[in-house]
Amino acid sequence: MTLMSEGRIGEWQQAHPGWERDGGTLTRSVECSSFPAAIELVRRVADVAEERDHHPDIDIRWRTLRFALSTHSEGGITEKDTALAETIDQLVTESE
């Protein structure tokens, strides 16, 4: 897996406005309807992450989740990160 170019990351972000860039990491915050709903979303993301062997950093603050994606072995953002981000978007939509 290779790092995505700056241009490609910018194009991807334009198509996925919920995601921000923090250096070599993509981040998104999501507010769920309740703490149990937030934990259920984390569980669903964890299932996908385990299946793909690509795990996001997840910060849980009551109903607010912050996902951070980076391919640490490559030192930045790869297509593994954008693919998982798109799946997280789908799971968030399904949980609403």
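# Exercises on a predicted 96-residue chain

In this predicted model, 39% of the 96 residues of the chain count as buried.

**Exercise 1. Describe the order of secondary-structure elements, and determine how the radius of gyration of the chain compares with the globule rule.**

Solution. Begin with the inventory: the chain contains three helices and four strands. Following the sequence, these elements are arranged as α-β-β-α-β-β-α. Next, take the radius of gyration, which is 13 Å, and set it beside the 12 Å that the globule rule gives for 96 residues. The two values are close, so the chain is as compact as a globular protein of that length. Along the principal axes, the C-alpha atoms fill a box of roughly 35 × 25 × 20 Å. Finally, consider the contacts with a separation of 6 or more: 65% of them are accounted for by residues 24 or more positions apart.

**Exercise 2. Characterise the accessible surface of the chain and the placement of its charges.**

Solution. The accessible surface amounts to about 5600 Å², and carbon and sulfur atoms contribute 46% of it. For the charges, count 10 positive and 19 negative. The mean positions of these two sets lie 3 Å apart.

**Exercise 3. Compare the span of helix 3 with its expected value, then identify what covers its buried residues.**

Solution. Helix 3 covers residues 79–95, which is 17 residues. From the first C-alpha to the last it reaches 24 Å, close to the 24 Å expected at 1.5 Å a residue. The buried residues of helix 3 are D81, T82, L84, A85, T87, I88, D89, L91 and V92. Their cover includes helix 1 (6–15), helix 2 (35–52), strand 2 and strand 4 (64–69).

**Exercise 4. Decide whether T27 is buried or exposed, and list its contacts beyond four places in sequence.**

Solution. First locate the residue: T27 belongs to strand 2, residues 25–31. Its relative accessibility is 8%, and the cut-off for burial is under 20%, so T27 counts as buried. Leaving out residues up to four places away in sequence, T27 touches G18, W19, E20, D22, R66, F67 and A68.

**Exercise 5. Contrast T71 and H72 in the loop between strand 4 and helix 3.**

Solution. T71 is found in this loop, and H72 is placed there too. T71, at 5% relative accessibility, counts as buried, whereas H72 is exposed with a relative accessible area of 61%. Setting aside neighbours within four places in sequence, T71 is in contact with H54, G76, T78, K80 and D81. Among these partners, D81 is also one of the buried residues of helix 3. For H72, consider the C-alpha separation from H54: the two residues are 18 apart along the chain, and their C-alpha atoms are separated by 9.9 Å.

**Exercise 6. Examine the backbone angle phi and the exposure of D53 and W62.**

Solution. Start from the general expectation: most residues other than glycine have a negative phi. For D53, phi is near 55°, a positive value in a residue other than glycine. For W62, phi is likewise near 55° and positive. Now place the residues. D53 sits in the loop between helix 2 and strand 3 (57–61), while W62 sits in the loop between strand 3 and strand 4. The last step is exposure, for which the cut-off is over 50%. With a relative accessible area of 57%, D53 is exposed; W62 is exposed as well, at 60%.

Terms used:
Residues are numbered from 1 along each chain as its sequence is written. This is a predicted model: local features need pLDDT of at least 70, side-chain atom pairs count only at pLDDT 80 or more; totals for chains, interfaces and linings use all residues. Side-chain values use heavy atoms; hydrogens and water are left out. Helices (H or I, at least four residues) and strands (E, at least two) are DSSP runs, numbered from the N terminus. The radius of gyration is taken over C-alpha atoms; the globule rule is 2.2 Å times the number of residues to the power 0.38. Buried means under 20% relative accessible area, exposed over 50%, partly exposed in between (1.4 Å probe, protein chains only). Contact means heavy atoms within 4.5 Å. Accessible areas come from the Shrake-Rupley method with a 1.4 Å probe; for residues, only the protein chains shown count as cover. Lys and Arg count as positive and Asp and Glu as negative; His and the chain ends are not counted. The place of a charge is taken as NZ of Lys, CZ of Arg, CG of Asp or CD of Glu. The expected span of a helix is 1.5 Å times one less than its number of residues.
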